[in-house]
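Please open the model in your viewer and keep the sequence panel beside it, so that each selection can be followed in turn.

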Amino acid sequence: INAIKGFATFSAWLEKIDEFGFFKGTINREQDMRIIYNQNKSKLLSFLLLLMPIFNMYELPGGRGTIADLALVLMFAIAVSRSVLSHNVKLVPSLFLFAIYLVFDGFATMTYTNSPSGQHMTYTIRYLLYFIIFAICFKNYLDINFTIKLYGGFCVLSTIWLLMQYILMVFFHIYLPGFIARFVTREELLTDYLYVNHTIFYRPRSFFEEPAHYAIYVIGFLIILLLTSDTSKKISLKIFLSFGIVLSGSTTGLAMLALAWMVYVYRLFREKKITTKTLSLIVGLLGALYVALQSSTAQILIRRTFQSNEASSGRFENVMEALSPKSALEFFFGRGAYVPAISDDVGWLPGWPLIYKCYGAIGLILFFAILFSLFLHGNRNQKIFIALFVLLNIGTEMVTMSFVFPYMAYIVCGMMLDKRIFDGARMEHNLTITNYSLIDEKRG
């Protein structure tokens, strides 16, 4: 109770010192002030979940976790405090069921693995909090329109910084970092070079831990933009973000980019929205792409992606070993959430093999059951997005990382997204009285 009161006091303090009105609600002042209070928490929730991948790069004082862990606890506090004070909280049953399984799996795997119990439970609790937040916050408290607009803003800012990094390094030999070196958690972040065939190949990473992480983050919004916005609009933004993904040199990002654009062009022809301007732009882009592919940087990227085993072997060489369990218990329940122990044993693993290795065949089946359930209840765009999400985790471990937050936000709440947000229309806050109950005055 004291924690809830403290959190409410802190939120009220934020509103008092807010000179620019950023935390203020978007509804009329005569409406209940408690709705404004809830809107402010929804905006804070959106900021935290979208910045989780960047926060994960920075350590807390003393080295006890990262800022992402602090943000995770704060999001959990939002979920618990508002659930306690609200009358009607709707859970996403499948996500909550997986959270329950994570508790059981965490204790079960600790009995037969050699992982340090403290680290083992820390990783288990972290992933458990992910799914509690997915199950409670997204359906009840998240303003998906505000979240997606903010997501797009972060992607544009990240891409601008990435382009600046690339231009300054390639043409002026000036290194522009995207992080605060004093507080980063990994020393290798201080190097942005990739050596390919004795040639230095610079891959900018913007504000993220790796170039691939930038691509994973931006491709999520780009897919939403391609699926949701009017097919003939926002062409320049779509091209701009696509160009950033190409410069990142991420193999998985390039594959998903090509697939997303194929879906987009198919929609253009199917809906007969190919205008002369759009067709001319596409033809011009193809010509520019052909010219760009003749550059030395592009040739290095092509050799790395298609002509060498570097990009593919690093992703799949350990999968067969990971799929061979050492016992029946490991087959059914995995080895627990402590990923570093798995990496030391079998090496790096992409998303779905890593889920199997951590949580066993039962955990993997439950996860796919969750996605299938959300697939059945989603609209057409959500179904396409879920299919691309599954494919994306064949080449990345994103499903076990903080990058999963913006993806799950759209997977769970995508049907409430108003496509007009991409057309410049100002959207009102969608957390109304009908979405969830007001705080009970008798309980605080």
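A residue counts as exposed when its relative accessible area is over 50%, and as buried when that area is under 20%. Please keep in mind throughout that this is a predicted model.

Begin with H173, which lies in the loop between α6 and β1 (193-196). At 67% relative accessibility, H173 is over the 50% limit and therefore counts as exposed. Its backbone deserves a look as well, since H173 has a positive phi of about 60° although it is not a glycine.

Next, select S206, in the loop between β2 (199-202) and α7. Here too phi is positive in a residue other than glycine, with a value near 55°. Is S206 buried or exposed? S206 has a relative accessible area of 0%, which means that it is buried.

From S206, move to L162, which touches S206 and also P204, R205, Y214, G244 and L247, when residues up to four places away in sequence are not counted. L162 belongs to helix α6 (residues 144-172), and with a relative accessible area of 0% it is buried. If you draw a distance from L162 to Y214, C-alpha to C-alpha, you should find 9.0 Å, although the two residues are 52 apart in sequence.

Now show helix α7 (residues 211-228) together with helix α17 (residues 380-395), whose axes come within 10 Å and cross at roughly 155°. Because angles over 145 degrees count as roughly antiparallel, α7 is roughly antiparallel to α17. The crossing of these two helices, α7 and α17, is right-handed. To see the contact itself, display the side chains of I216, I219, G220, I223, I224, L227 and T228 on α7, and those of N381, I384, F385, L388 and L392 on α17. Sorted by class, this contact of α7 with α17 has nine nonpolar residues, three polar residues and no charged ones.

Finish with the largest nonpolar core, which has 111 residues. Which residues have the most contacts inside it? They are Y127, F131, F138 and F405. The largest share of this core, 13 residues, comes from α7, the helix whose crossing with α17 you have just viewed. In soluble globular proteins, nonpolar side chains tend to be buried together. For a last selection, centre on F138 and show what surrounds it: leaving aside residues up to four places away in sequence, F138 touches L49, I133, F405, M408, A409, V412 and C413.

Key. Residues are numbered from 1 along each chain as its sequence is written. This is a predicted model: local features need pLDDT of at least 70, side-chain atom pairs count only at pLDDT 80 or more; totals for chains, interfaces and linings use all residues. Side-chain values use heavy atoms; hydrogens and water are left out. Axes are lines fitted to C-alpha atoms, for helices over the stretch in contact, and angles run from 0 to 180 degrees between N-to-C directions. Helices (H or I, at least four residues) and strands (E, at least two) are DSSP runs, numbered from the N terminus. Angles under 35 degrees count as roughly parallel, over 145 as roughly antiparallel, 65 to 115 as roughly perpendicular and the rest as oblique. A crossing is left-handed if the near helix is turned anticlockwise from the far one by less than a right angle, and right-handed if clockwise. Contact means heavy atoms within 4.5 Å. Ala, Val, Leu, Ile, Met, Phe, Trp, Tyr, Cys and Pro count as nonpolar, Asp, Glu, Lys and Arg as charged, and the others, Gly among them, as polar. A nonpolar core is a set of buried Ala, Val, Leu, Ile, Met, Phe, Trp, Tyr and Cys residues joined through side-chain atoms within 4.5 Å. Buried means under 20% relative accessible area, exposed over 50%, partly exposed in between (1.4 Å probe, protein chains only).
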